[in-house]
Amino acid sequence: MSQHRRRPRNNQISVEAVAGNGLLDRRALLGRGLAFAGAMTTGATASLAAAAEPLAEPPWSLEPGAAIVPYEVRSRFEKSVARTLGNPNFRPGAQGARTPHHLLNGTITPGGLHFVVSWGGAPDIDPDAHRLLIHGLVKRPLIFTLDTLGRYPMVSRITFLECGGNSAPLFSPEPIQDSVQALHGLASCAEWTGVKLSTLLEETGIDPTAKWFIAEGADAPHLSRSVPLKTTLDDAMVALYQNGERLMPANGYPMRLLLPGFEGNMNVKYLRRIKLVDEPAMGYWESKIYAPLLPNGKAYQFYFLQEVKSFITRPSPGMALKEPGLYEISGIAFSGAGRISKVMISADAGQSWGEAALQEPVLSKSFTRFHMPWRWDRSPATLQSRAWDEAGNVQPTRAQFVAQRGELKKVPPAAAVLNQHCNCITSWTVDEKGEVRHVYA
Amino acid sequence: MSMPRLDASTVLLALVLCAGSAFAEAPNLGKPVDPASIAAWDISIHPDGAGLPAGSGTPAEGARIYAAKCATCHGQDGKGGAVSPTPLIGGGPITDISASMKTISNFWPYATTVFDYIRRAMPWQQPMTLTNDEVYALTAYILAANKLIGENDTLSAETLPKVRMPNRDGFIIRFPDLIK
């Protein structure tokens with residue numbers, strides 16, 4: 001919590017404890033003058049008792065500022081807010097770039113910080129030369145250009161994308177000591193705008209024998225996934241814009257498939273070909289990579305859905321609570337099955353739970369930010385969040401998850417993504433010094 | 001359902017209402033495309049062999065191509081290299097959920113995927129540069145070294161789909177409702 005406000009003590013309201021270890025009623029958050037004290041992370045230490053420094057004119061107020069540029073980049077003070085790279089020297093193979101959840105707020109991930117998993121680098125596509133071919137079990141195979149797609153009715157959809165391998169470090173037999181960015185950074189949320197796939201398929205016509213479509217990219221590995229047609233047709237979009245501007249190069253410029261709620265890899269970037277078919281192609285990514293092994297030696301096939309998940313972003317490992325006082329626990333919840341219906345928070349490793357406030361709007365298949373007031377008195381605490389979605393799905397504890405899905409025998413590299421679809425509860429401990437660590441609880 | 005919630009259909013409805021009847025039907029700007037153009041891009045291959053091109057190759061031919069174009073990353077004899085440590089050849093029983101245990105011989109359900117992936121994505125620095133005969137030969141080399149076909153077998157559109165992979169039935173469909 002880099003921002004903190006000082007308020008006179010008599011402005012504080014008394015708030016009711018709703019669960020153990022200092023969790024307070026979420027209604028305390030609804031603008032009733034609750035004072036949030038305490039500095040976390042690297043911000044200047046402030047104390048309720050310390051008087052503010054005398055105010056004076058800072059140098060930037062005494063001369064004109066910089067000229068305004070055509071395309072603005074962030075303040076030079078924000079350069080540390082960046083993705084972490086899993087393959088920074090771009091050796092042959094996959095690259096990952098993780099979203100710094102602990103340094104962001106709200107629910108929309110800026111384009112430059114949106115996560116990426118890339119299997120062949122970001123191609124340098126000339127948008128005027130790019131083509132989208134729709135063929136196979138259609139009545140009329142057709143080719144579309146970016147220019148012509150721009151004349152179709154468009155829709156906008158705020159939705160999360162999550163790599164199937166996000167949260168893979170939680171398969172480790174020991175809790176990996178790293179940031180929420182390392183553990184859960186392969187998920188992001190953006191407003192995507194484009195043409196519904198169903199609009200284009202109305203024009204090509206759909207042969208009644210079509211049950212799947214193959215989506216393929218114009219990148220070097222010609223990344224390809226088979227997608228069930230019936231269950232995605234309502235939602236699927238050929239996305240052309242990300243947060244109002246054209247897609248970022250590593251997020252599929254100039255067009256990508258968007259399948260809200262489905263595994264990130266299926267949201268094929270650099271989309272150049274859609275082939276309607278009667279059976280899946282069983283390509284490399286669907287039959288080998290995104291087919292997670294089970295403890296009995298079998299593997300799940302066609303996992304597809306990103307299940308209900310939540311994690312606390314503040315406080316989170318790497319931050320430290322500098323003094324006792326009132327803090328806001330905040331984090332992100334999402335589900336590929338619909339809207340988040342409830343997030344519960346525990347500060348005592350799951351012994352007692354209080355309901356968090358959900359920040360509006362609560363959108364289907366979108367990041368939902370949650371908040372919970374918490375008074376920390378230097379007692380050790382174990383913080384957890386647990387989410388429910390409108391379909392009735394609930395996030396499993398790690399013990400429940402491991403009982404079903406198993407865990408690795410050895411601690412994997414934190415950048416590993418090849419074990420997939422882990423959505424269990426994440427636990428952070430706060431010790432008496434205020435240091436936050438990742439634990440299994 | 002509370003009012004502030006938006007979804008795609010709400011937004012679409014709003015667009016349609018704003019535009020009056022202009023968007024009542026699509027603008028029909030897709031350009032018809034001839035079969036030859038489609039064939040130039042259509043590299044999809046299915047487990048039953050649909051999409052496999054003409055051509056053929058043998059393990060011996062594949063071994064020579066492998067040494068020249070693949071061994072740098074995948075190691076001599078397909079045992080795995082510094083760049084790509086997962087072996088292409090070999091792989092014992094799966095005893096752990098670690099994805100690193102998955103190999104062609106103990107995990108991949110269909111032999112057609114080997115051809116498909118080599119053709120679309122390999123060599124990593126120069127994808128789509130191998131001839132179809134070369135892709136058949138490399139597929140034959142890998143499958144023979146894994147003892148899934150004979151050393152003297154020839155792979156083609158007719159023979160490749162007939163190769164039965166050991167882990168063909170090792171999968172559970174996670175959400176059957178999603179693929180109905």
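## Chains A and B, term by term

User: What makes B:P59, B:G62, B:A63 and B:Y66 the buried residues of helix α3 (residues 59-69) of chain B?
Analyst: Each of them has 20 or more other C-beta atoms within 10 Å of its own, so they count as buried. In that scheme 12 or fewer means exposed, anything in between is partly exposed, and the C-beta atoms are placed from the backbone. Helices here are DSSP runs of H or I with at least four residues, strands are runs of E with at least two, and both are numbered from the N terminus.

By the way, this is a predicted model, where local features need pLDDT of at least 70, side-chain atom pairs count only at pLDDT 80 or more, and totals for chains, interfaces and linings use all residues. Residues are numbered from 1 along each chain as its sequence is written, while chains are lettered from A and ligands numbered from 1 in the order in which they are written.

User: How do you know which side of α3(B) they are on?
Analyst: Take the directions from the helix axis to the C-beta atoms. They cover an arc of only 105°, so the buried residues sit on the same side of α3(B). There they pack against β2 (56-57), α4 (71-74) and α6 (132-145) of chain B.

User: What makes residues of chains A and B count as being in contact, and how many are there?
Analyst: Two residues are in contact if their C-beta atoms, placed from the backbone, lie within 7 Å. That gives 55 residues of chain B touching 63 of chain A. Elements giving two or more residues to chain B's side include α1 (8-18) and α5 (112-121).

User: Why is strand β7 (residues 142-145) of chain A called paired with β1(B)?
Analyst: Strands pair if DSSP finds at least two bridges between them. Two bridges join β7 of chain A to β1(B), so they pair, and they run antiparallel. In β1(B), B:P32 is the bridge partner of A:L142.

User: What makes β20 and β25 of chain A edge strands?
Analyst: The open sheet has five strands in the order β20-β19-β23-β24-β25 (chain A), with antiparallel pairing. β20 (354-355) and β25 (436-439) each have a single partner strand, so one side of each lacks a neighbour in the sheet.

User: Why is chain A called as compact as a globular protein of its length?
Analyst: Chain A has five helices and 25 strands. Its radius of gyration, taken over C-alpha atoms, is 23 Å, close to the 22 Å that the globule rule (2.2 Å times the number of residues to the power 0.38) gives for 441 residues, so the description fits.
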